Number of protein chains: 2
Amino acid sequence: MIIVRRVIIYHSSTHQLHAPVHEFFEGALIPYQESPTRANIVLTALREAGGHEIRLPTDHGWEPIRAIHDSAYLDWFKSAYPAWLAAGGSTSGAVADTFAVRQLKRRPNHPKAALGYYALDATTVITDGTFQAAYDSAQVAICAAEALSQGSRSAFALCRPPGHHAHADLCGGYCFLNNAAIAAQWLIDHSTAEPSGPVRAVILDVDFHHGNGTQDIFYRRSDVLFVSIHADPDRQYPYFSGGAAEVGEGEGVGATINIPLPARINDHAYLTILDQACDRISDYRPNWLVVSLGVDTFEGDPLGDFALTNEAYTLIGRSLAELNLSTLFVMEGGYAIAQLGQNITSVLGGFESFKAT
Amino acid sequence: MIIVRRVIIYHSSTHQLHAPVHEFFEGALIPYQESPTRANIVLTALREAGGHEIRLPTDHGWEPIRAIHDSAYLDWFKSAYPAWLAAGGSTSGAVADTFAVRQLKRRPNHPKAALGYYALDATTVITDGTFQAAYDSAQVAICAAEALSQGSRSAFALCRPPGHHAHADLCGGYCFLNNAAIAAQWLIDHSTAEPSGPVRAVILDVDFHHGNGTQDIFYRRSDVLFVSIHADPDRQYPYFSGGAAEVGEGEGVGATINIPLPARINDHAYLTILDQACDRISDYRPNWLVVSLGVDTFEGDPLGDFALTNEAYTLIGRSLAELNLSTLFVMEGGYAIAQLGQNITSVLGGFESFKAT
């Protein structure tokens, strides 16, 4: 008899409090792509797949979030929407239109301008429920990390809003709090010290877009290896980082690995590159693996230009299982709504099926 | 008999080539505020006022523009719209939605992202005719400067698009090329050397908004005194600069004077402050005075919150005339369309009437 070891699922229904209507994209207002439907569909697919334990998060407070994010940024985020309303802003949500680019360094006092100091684009629309949704999304990641630290071999944090574009003090790309970074730091902080040296974590980012926020957070550290496989930023968001020449700074040199890829990459080419990345991860001998799991690499994704089929996701899950590490999946992007649930369950299914053999 | 010495007017009809339909403002798309109607109305009012010599510009080429702007920025600006179209962008115009904020320094290669490297907000929509309009707007300023250097005591450059928010390598606030800075530099470069020391120019910026671009361009120089009277940036665009504590750097310490003002300031209070600024200008003993002339300080301006009446503009013109300097007016903002022509002709009328007595 095969005992399938199922990945534990964490989610929160409060993500639905974050539901902006529009985003500004290439000169036009378009429907907000990072919609509540995304997480709802994934949860439904996981329920239908069956066999998973599905848990709600408990509140672990601010400390694990403050371990990653700048205090002034968090204070701003908490008060951004009420301050925007008080300044006459619309209930459709607070969003930046003027930005602290390059030589502009002065932190502005006006609530409408603070948005452009703490955001790198116009996707991070802050509505009435955004702060609660983002806080709970981080708690989902923290609880999943706790499950691992208590002995579970794997967990999936169905985070929404996503996190990997958020820097310590910048939101962007639909992300406000960096769930994967918070979870990785939690794991490091709650591990028993190893006689062989410091506790080490890997964050493997397989979202279509470069994880600029995660990279920046750990760029000068050697205890977190950041490996990102993504669309070349010369072609795709987030544009300003993600090149192969970015390898870390100071203590962190060598602990950032960027693998930018061309458009239309297929299953075979992608999986070959993923396996090479997995070799680098094994060599690092981490205690923990956190996977920033975006499936906007799918051939039908409206925000992507890769050509992965659904079959690739089962194989991605299998490759990750072969690493034989305590593994935390954190939900990032994926916008092909009709196939989103299936693509996520395929990753977890591939991961679980390997564990069972 | 009183001989009224009229201000010579320079303008170009090609400003009409720059006519974006919308801009992104506080989460919504609104009609583009910096419309062709603005300059057309001012020209009509000047014609109706009568007595002015109205001239078209001749082409002085790139050199005077390159004396202020970064070459890579100019190259980008020239190719921005065709590159945007080639990348699949809409003919409604190229505009940034993702920005090179703070720690993001990498110059992106993608044409849609380059916009967010070279712009600080979403107002600088680049359409098919924008580059020609901005180039000709700079030529209007240069020709007006040339008239001064050839002996005219005063000239008005009816520039559109405006310029004072443009840095050496950043567009923003409807501005692409800094017409006032280009004109001031032209005057310095084309003046006969003075036995008493270097040639010096003052740029007095009376637009409602802080002239962030002009400030940044001359921030480390002592031969251009920049004096700006504007809405406190804690309350109004451009938010990231314009505080009284910004006084210049290095050689330029003391040659930047910012006078941020509260909302609802009235004629009397404003004129008192202007006269104090004029004393500082006299003390500097400049060879040339360039006035960045915005009339969005008007009580009815949709972008402003000051309370100046039309009468103030006559008195502003008179105060400037009392400085008894060779004076170049460069058109900046002003969005109360119905009164825009009258407010501008009042400044010039006040200036001319003093000259005549």
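1. Let us start with a word you will need throughout: a residue is called buried when its relative accessible area is under 20%. Keep in mind, too, that this is a predicted model. With that in hand, look at helix α4 of chain B, residues 111-118, where 7 of the 8 residues are buried. They are B:K112, B:A113, B:A114, B:L115, B:G116, B:Y117 and B:Y118. Part of what covers them is α3 (71-86) of chain B.

2. Next, step back and view both chains together. A turn of 180° with a shift of 0.0 Å along the axis lays chain A on chain B, and the RMSD is 0.0 Å. That is how a two-fold axis relates two copies. If you want to find the axis on your screen, go to A:V101, whose C-alpha is the nearest to the axis in chain A, at 2.0 Å. The copies meet through the same surface, because 100% of the interface residues of chain A are also interface residues in chain B.

3. Now for the inside. The largest nonpolar core has 132 residues, and the members that touch the most others are A:W76, A:L328, B:W76 and B:L328. As a general rule, nonpolar side chains in soluble globular proteins tend to be buried together. Take A:L328 as your example: beyond its sequence neighbours within four places, it is in contact with residues including A:A141, A:A144, A:A145, A:L148, A:L187, A:L289, A:V290 and A:V291.

4. B:V42 is a good place to see how the chain folds back on itself. This residue sits in helix α1 (residues 36-49) of chain B and is buried, with a relative accessible area of 0%. Along the chain, B:V42 and B:I337 are 295 residues apart, yet their C-alpha atoms are separated by 9.2 Å. Leaving aside neighbours within four places in sequence, B:V42 is in contact with B:F156, B:L158, B:M331, B:L340, B:G341 and B:I344.

5. Compare that with B:W288, in strand β9 (residues 288-293) of chain B. B:W288 and B:Q103 are 185 residues apart in sequence and 39 Å apart in space, C-alpha to C-alpha. B:W288 has a relative accessible area of 10%, so it counts as buried. Its side chain makes a polar contact of 2.7 Å with the side chain of B:S191. Not counting residues up to four places away, B:W288 also touches several others, among them B:L148, B:L187, B:V199 and B:V202.

6. Which backbone oxygens does the side chain of A:R160 reach? One belongs to A:H15, at 2.7 Å, and another to A:S35, at 3.1 Å. A:R160 lies in the loop between β5 (154-157) and α6 (179-189) of chain A, and at 2% relative accessibility this arginine is buried. Setting aside neighbours within four places, its contacts include A:H18, A:E34, A:P36, A:R38, A:A133 and A:S137.

7. B:H210 is another buried residue in a loop, with a relative accessible area of 0%. The loop in question runs between β6 (201-205) and α7 (212-218) of chain B. A polar contact of 3.0 Å links the side chain of B:H210 to that of B:N258. Beyond four places in sequence, B:H210 touches residues including B:H164, B:H165, B:H230, B:Y237, B:P238 and B:E246.

8. Some backbone details deserve a second look. Most peptide bonds are trans, and most residues other than glycine have a negative phi. Against that background, the bond joining B:R160 and B:P161 is cis, with omega about 0°, and the bond from B:Y237 to B:P238 is cis with omega near 10°. B:P238 is in the loop between β7 (224-231) and β8 (256-261) of chain B. In chain A, A:E26 is not a glycine but has a positive phi of about 50°; you will find it in the loop between β2 (22-25) and β3 (28-31). A:Y239 also has a positive phi, about 65°, and is buried at 9% relative accessible area.

9. Finally, how many cavities of 30 Å³ or more are there? The count is 1. The largest cavity holds about 40 Å³ of space. Its lining includes B:H11, B:H15, B:D136, B:V140, B:L158 and B:R160. You have met B:R160 already, as one partner in a cis peptide bond.

Note on methods:
Residues are numbered from 1 along each chain as its sequence is written. Chains are lettered from A and ligands numbered from 1 in the order in which they are written. This is a predicted model: local features need pLDDT of at least 70, side-chain atom pairs count only at pLDDT 80 or more; totals for chains, interfaces and linings use all residues. Side-chain values use heavy atoms; hydrogens and water are left out. Copies are superposed by least squares on the C-alpha atoms of residues with pLDDT of at least 70 in both. Contact means heavy atoms within 4.5 Å. Helices (H or I, at least four residues) and strands (E, at least two) are DSSP runs, numbered from the N terminus. Buried means under 20% relative accessible area, exposed over 50%, partly exposed in between (1.4 Å probe, protein chains only). A polar contact is a pair of N or O atoms within 3.5 Å; within protein, one must be able to donate a hydrogen and the other to accept it, and residues adjacent in sequence count only if both atoms are side-chain atoms. A nonpolar core is a set of buried Ala, Val, Leu, Ile, Met, Phe, Trp, Tyr and Cys residues joined through side-chain atoms within 4.5 Å. On a 1 Å grid over the protein atoms alone, a cavity is a set of points where a 1.4 Å probe fits but cannot get out, and a pocket is an open set with protein on both sides within 12 Å along at least five of seven lines; lining residues have an atom within 4 Å of a point. Grid points are joined across faces, edges and corners, and a volume is the space filled by probe spheres set on the points.
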